[in-house]
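This report walks through a pair of protein chains, from the strands and helices to the way the copies fit together. Please keep the sequence and the structure in view while reading.

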Number of protein chains: 2
Amino acid sequence: MQSVILINAFEVRAGQEEQFKTAWHQVAERLRHARGFRSTRLHESLDPQARFRFINVAEWESPQHFQAAMQEVGEQLRATISYQSYPALYQVIAE
Amino acid sequence: MQSVILINAFEVRAGQEEQFKTAWHQVAERLRHARGFRSTRLHESLDPQARFRFINVAEWESPQHFQAAMQEVGEQLRATISYQSYPALYQVIAE
């Protein structure tokens, strides 16, 4: 199966950016060592008023690898990253 | 200046996927030849119920190059891609 791309758009209020980044780095550090992890890129909007202030785009070997990693860091993830977000798995269909 | 990443999340209702993809390809074909265009990747969610059924992630040389290209295809873009979307420019801040 083709690798999958996790795209997660975060709504982060003004003034919470640093707190978000600290929490994101903690979880990213854990996930980086999970089986099937390939890469991640955290994007910050140029416009501070953008609906989604941060968007993470990460590549995983398969949906199963991703779900297993989520299980593992589940609790910590929910506790540290308590921002409205819209995570979903995707496949690239056009380049 | 570092290149910028356009990330645009589209809400596309069930049954409109093919129509969306046709419209997206038409506009992408135009943008591909614009000055400062670097790359684009259209992502389709694995889950048909995902909030954002399609997300485009495109790299542009600068915000100015992107805005100039938008001006050029502006009318056509709005006419063909009439789906709720959340376009914004980003910079990669962590990998």
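In which sense do strand 1 of chain A and strand 4 of chain A pair, and over how many bridges? Strand 1 of chain A and strand 4 (residues 84–85) of chain A pair in the antiparallel sense over two bridges, where strands are DSSP runs of E with at least two residues, helices are runs of H or I with at least four residues, and both are numbered from the N terminus. Two strands are said to pair if DSSP finds at least two bridges between them.

Before going further, note that this is a predicted model, in which local features need pLDDT of at least 70 and side-chain atom pairs count only at pLDDT 80 or more, while totals for chains, interfaces and linings use all residues. Residues are numbered from 1 along each chain as its sequence is written, chains are lettered from A and ligands numbered from 1 in the order in which they are written, and side-chain values use heavy atoms, with hydrogens and water left out.

**The strands of chain A**

Strand 1 (residues 4–11) of chain A is mostly covered, since seven of its eight residues are buried; here buried means under 20% relative accessible area, exposed means over 50%, and partly exposed lies in between, with a 1.4 Å probe and protein chains only. Besides strand 4, strand 1 of chain A is joined to strand 3 (residues 54–60) of chain A by seven bridges, and these two strands run antiparallel. Strand 1 of chain A is also joined by three bridges to strand 5 (residues 88–94) of chain A, again running antiparallel. The table gives one bridge for each of these pairings.

| Residue in strand 1 of chain A | Bridge partner | Strand of the partner |
|---|---|---|
| Ala9(A) | Ile55(A) | strand 3 of chain A |
| Leu6(A) | Leu89(A) | strand 5 of chain A |
| Glu11(A) | Gln84(A) | strand 4 of chain A |

The UniProt annotation "domain: ABM", from an unreviewed entry, covers residues 4–71 of chain A; its positions are given in the numbering used here, feature names are shortened, and annotations may be inferred rather than shown by experiment. Over residues 4–71 of chain A the chain is 35% helix and 35% strand, and the end C-alpha atoms are 17 Å apart.

**Strands that pair across the chains**

Strand 5 (residues 88–94) of chain B is mostly covered, with six of its seven residues buried. Within its own chain, strand 5 of chain B is joined to strand 1 (residues 4–11) of chain B by three bridges, the two running antiparallel, and Leu6(B) has Leu89(B) as its bridge partner there. Strand 5 of chain B also pairs with strand 2 (residues 37–45) of chain A, in the antiparallel sense and over four bridges, and in this pairing the partner of His43(A) is Val92(B).

Strand 5 of chain A and strand 2 of chain B likewise pair in the antiparallel sense over four bridges, with Val92(A) opposite His43(B). Strand 2 of chain B pairs with strand 3 of chain B too, over seven bridges in the antiparallel sense, and Thr40(B) stands opposite Ala58(B).

How are the two chains related to each other? Chain A can be laid on chain B with an RMSD of 0.0 Å by a turn of 180° and a shift of 0.0 Å along the axis, the copies being superposed by least squares on the C-alpha atoms of residues with pLDDT of at least 70 in both. That is the relation of a two-fold axis. The same surface serves both copies, as 100% of the contact residues of chain A recur in chain B, contact meaning heavy atoms within 4.5 Å.

**A loop of chain B**

Leu46(B) lies in the loop between strand 2 (37–45) and strand 3 (54–60) of chain B, and it is partly exposed, with a relative accessible area of 34%. Not counting residues up to four places away in sequence, Leu46(B) touches Val4(A), Pro63(A), Leu89(A), Tyr90(A) and Gln91(A). Arg53(B) is found in the loop between strand 2 and strand 3 of chain B, but Arg53(B) is buried, with a relative accessible area of 8%. Leaving aside neighbours within four places in sequence, the contacts of Arg53(B) include Tyr90(A), Glu17(B) and Asp47(B).
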